[in-house]
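Colleague: Could you take me on a close look at the ligand site in this model? I would enjoy a connected walk through the site and whatever lies beyond it.

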Amino acid sequence: MATLLKIASPRDGTPLGEVPATDPAKVQAIVESCRRAQAEWAATPLSERIARMKAARRRFLERAEAFVERITAENGKPEAEAWMSEIVPTADLFDYWLKNIRPHLARERVPLNPVNYPGKTAFIEYRPRGIIGLITPWNLPVAIPLRTLVPALLAGDGVVFKPSEFTPRCGALLAEVFEGMPLEVVQGAGEVGRALVEGGVDAVIFTGSVATGKKVASAAAERLLPCSVELGGKDAAIVLADADLDRAAHGIVWGALHFAGQDCSSVERVYVVREVADAFLKRVTEEVSRLRLGVEVGPLTTPAQLEIVERQVQEAVAKGAKVLCGGRRAPKEGLWFEPTVLTDVGEEMSILCEETFGPVLPVVIVEDAKEALSRVNASEYGLTASLWTRDVMAGWHLAAEVETGVFMVNNHSFTGAVPALPWSGVKRSGYGVTGSHLALESLVRPQVVLLDRSRAKREMWWFPYDEALLVAARALRDLALGRVGALGRLLGAFLRRFK
Ligand code: ADP
């Protein structure tokens, strides 16, 4: 009997139905069937694929309400967040790829040195990799898969997509948007994901936790598959003495607590310089205390996350952290944690060094920017960081010292929604890239095509190896050093070799 994924609302535990999981033993056959459809799709002219993707864009936007309904039901995030993070930027995502796929994948003609390579023309062509195995989490159940689905399908790939087991109905609805294209959805938890990586795909695109990312990357390495892993973060915000404190407080509170803190790039640590620490903490605590559960701050999506957040906060408090607001589960049904501000926190506490997917804002007081930067860089993670200052140019100068994939001055987190910008990290945040032309590296492979119209019976470097070849080689080296007198020796050697 098929396993059923039982899903329940994180808001109040209401059952949301059951979705049959895919039998892991059947995943390989699904990949093979997708490959047959992909071959036909890749042979379809790009103009036709673009036309079909335009229709998918329309279908997606027309069904926005249905997506929002499923996102809020399965993930729990407030309706405003579902619209602003998963629907609105997605119109841009389609538009970016519809406009840019042709130039990004255009054949490139590469000039060759006519002395060494006479009569030859070389091109780089970009070919689809084949079948992409796409494995995604539940925190952005629509926007994250779309960042790969749209360019991969436009590029001529097929995709076998495994949504998170916590948001399977969002995944199923995405499949309807791309009907008629080589997209298959497999449902289930880790064992289905594993079967997909091992099921004959040509590349793997994964977003999720560090622990799972390591397993996926090593299973992919075993098969020599290109693999993109985008993992977690422990993102920091640095507040300097000259910051606009109102803007910094509003921006950092949003940066920390949107998606109830369940964004890879949520602010999870704030380093504020001593001079403005009290004023900043006052603003932040007032703002967080005003947030309404269910309106601005949703529940946690999974019971496991709620337990982790509760454990981290309790451990911090036991070790001396001060709770300025929140600090506990909300006393109501569902997976709610009160929006929380902590101070007097130390780097040894899990709340400052482990990833926290929850509505918690720990604030650390530092002496200056230098101390803040060294603490930011001491993290094992390196996804994004932000610096808050009125001196934008000084902030810009610090960018090269920050070990993260994204660095923002006076803002946080939103660039993941901009399709023209690469989203990537360093260290334990993974090496995957989505967004921008750089994302295509995982989705297409370069193929060199060389056309030779030479009438010569032999190339200079073919057999036999003789004295004239050595003279020609030395003459070519001399020419490379700018010794133009070598031209005569080169011509002489050519004549002897080819006579
Ligand atoms: P999160 O808790 O953020 O969703 P996970 O890393 O647990 O992070 O899950 C991310 C995705 O990886 C989910 O779709 C999950 O089902 C899938 N997954 C879990 N274990 C494995 C595995 N061993 N191989 C492939 N995919 C997996």
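Modeller: Happy to! Let me start with a pocket other than the ligand's, so that you have something to set beside the site. In this predicted model, the second largest pocket draws at least two lining residues from each of α4 (79–105), α5 (143–154) and α9 (245–257). Of these helices, α4 gives the most, with nine residues. The lining counts 38 residues, and Ser-85, Trp-254, Phe-259, Asp-263 and Ala-417 are the ones that lie nearest the centre of this second pocket. By class, that lining has 22 nonpolar, nine polar and seven charged residues, and the pocket has a volume of about 800 Å³.

Now to the site you asked about. The ligand takes up the space of the largest pocket, whose volume is about 1,200 Å³. Which elements give two or more residues to the lining of this largest pocket? They are α7, β8, α8, α11 (303–318) and α12 (350–353). Here α8 has the largest share, with six residues. In total, 49 residues line the largest pocket, and a run from Gly-208 through Ser-209, Val-210 and Ala-211 to Thr-212 lies nearest its centre. The lining divides into 20 nonpolar, 15 polar and 14 charged residues.

Let us move in from the pocket lining to the ligand itself. A shell of 18 residues surrounds the ligand, with Thr-136, Lys-162, Glu-165, Ser-209 and Thr-212 the closest. Two of those names are familiar from the pocket, as Ser-209 and Thr-212 are also among the residues nearest its centre. Three elements, α7 (190–197), β8 (203–207) and α8 (210–222), each supply at least two residues of the shell. While α8 has the largest share of the pocket lining, it is α7 that gives the most to the shell around the ligand, with three residues. By class, the shell holds seven nonpolar, eight polar and three charged residues.

The polar contacts add some detail. Lys-162, one of the closest residues, has a side-chain N or O atom 2.8 Å from an oxygen atom of the ligand. The side chain of Trp-138 also takes part, with an N or O atom 3.2 Å from a ligand oxygen. With Arg-194 the contact is to the backbone: a polar backbone atom there is 3.4 Å from a nitrogen atom of the ligand. As for cover, the ligand on its own has 550 Å² of accessible area, and the protein covers 85% of it.

Before you leave the model, two backbone details may be worth a look. Most residues other than glycine have a negative phi, and most peptide bonds are trans. Ser-413, though, has a positive phi, near 80°, and this serine lies in the loop between β17 (406–409) and β18 (426–427). The other detail is a cis peptide bond joining Phe-463 and Pro-464, with omega about -5°. You will find Pro-464 in the loop between β19 (444–452) and α16 (467–480).

How values were computed: Residues numbered from 1 in each chain as written. Predicted model: local features only at pLDDT ≥ 70, side-chain atom pairs only at ≥ 80, totals over all residues. Heavy atoms only, no water. Near = heavy atom within 4 Å. Polar contact = N/O pair within 3.5 Å; in protein donor to acceptor, adjacent residues only side chain to side chain. Areas by Shrake-Rupley, 256 points an atom, 1.4 Å probe, with all protein chains shown as cover. 1 Å grid on protein atoms, 1.4 Å probe; cavity = no way out; pocket = protein on both sides within 12 Å on 5 of 7 lines; lining within 4 Å. Sits in = over half its atoms within 2 Å of the grid points. Helix = DSSP H or I, 4+ residues; strand = E, 2+ residues; numbered from the N terminus. Nonpolar A, V, L, I, M, F, W, Y, C, P; charged D, E, K, R; others polar. Points joined across faces, edges and corners; volume = space filled by probe spheres on them.
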